[in-house]
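Let us take a friendly walk through this structure together. Have the sequence and the 3D view at hand as we go.

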Amino acid sequence: VQLQASGGGLVQTGGSLRLSCAASVSISSINAMGWYRQAPGKQRELVARINIGGSTIYAASVKGRFTISRDNAKNTVYLQMNSLQPEDTAVYYCNTAPYLGGDWGQGTLVTVSS
């Protein structure tokens, strides 16, 4: 499965971005997809997860600010990020959740300036 994340960029504190993750195969049969991020010098972490029924789970650090969604018809997963903070600066990736292996792709860089 190829996963291409896009939509990152430079934004000021308090700003918003919408990330997209396009899959090369149908995601309709994938139970759960997630958005992960890796900040410089830190381990990759799961920040949001959505299952096949649409139920979502968020890391405490992003809850109330980020919203994950999926469009199975477009084989795409989205992450709407609002009220961005400098600590949200990271490379963002999407993948299955839990991670089952495979390529992470290049991810998309989000930089939040203070």
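Thr108 counts as buried, because its relative accessibility is 8% and buried means under 20%. Keep in mind that the model we are looking at is predicted. Thr108 belongs to strand β10, which covers residues 108–113.

What does Thr108 touch, once residues up to four places away in sequence are set aside? Its partners are Ala5, Ser6, Gly7 and Gly8, together with Leu19 and the trio Ala90, Val91 and Tyr92. One of these partners, Gly8, also has a polar link to Thr108: the Thr108 side chain comes to 2.9 Å from the backbone nitrogen of Gly8.

Now step back along the sequence to Asp103. This residue sits in the loop that joins β9 (90–96) to β10. Beyond its neighbours within four places in sequence, Asp103 is in contact with Gln2 and Asn95. Its side chain also reaches the backbone nitrogen of Gly105, at 3.1 Å. To see how the fold brings distant parts of the sequence together, look at Asp103 and Leu3: they lie 100 residues apart along the chain, and their C-alpha atoms are separated by 8.0 Å.

With those two residues in view, let us turn to the whole chain. Which elements is it built from, and how many of each? The protein chain has 10 strands and zero helices. If you follow the sequence from start to end, the pattern reads β-β-β-β-β-β-β-β-β-β.

Long-range pairings show up in the chain's contacts too. Among contacts with a separation of 6 or more, 53% are between residues 24 or more positions apart.

What about overall dimensions? The C-alpha atoms occupy a box of roughly 40 × 25 × 20 Å along the principal axes. The radius of gyration is 13 Å, which agrees with the value near 13 Å that a compact globule would have with 114 residues.

Finally, consider the inside and the outside. Of the 114 residues in the protein chain, 42% are buried, and Thr108, where we began, counts as buried because of its 8% relative accessibility. The protein chain exposes about 5900 Å², with carbon and sulfur atoms supplying 49% of that area. As for charge, the chain carries 9 positive and 5 negative charges, and the mean positions of the two groups are 5 Å apart.

Definitions and conventions. Residues are numbered from 1 along each chain as its sequence is written. This is a predicted model: local features need pLDDT of at least 70, side-chain atom pairs count only at pLDDT 80 or more; totals for chains, interfaces and linings use all residues. Side-chain values use heavy atoms; hydrogens and water are left out. Helices (H or I, at least four residues) and strands (E, at least two) are DSSP runs, numbered from the N terminus. The radius of gyration is taken over C-alpha atoms; the globule rule is 2.2 Å times the number of residues to the power 0.38. Buried means under 20% relative accessible area, exposed over 50%, partly exposed in between (1.4 Å probe, protein chains only). Contact means heavy atoms within 4.5 Å. Accessible areas come from the Shrake-Rupley method with a 1.4 Å probe; for residues, only the protein chains shown count as cover. Lys and Arg count as positive and Asp and Glu as negative; His and the chain ends are not counted. The place of a charge is taken as NZ of Lys, CZ of Arg, CG of Asp or CD of Glu. A polar contact is a pair of N or O atoms within 3.5 Å; within protein, one must be able to donate a hydrogen and the other to accept it, and residues adjacent in sequence count only if both atoms are side-chain atoms.
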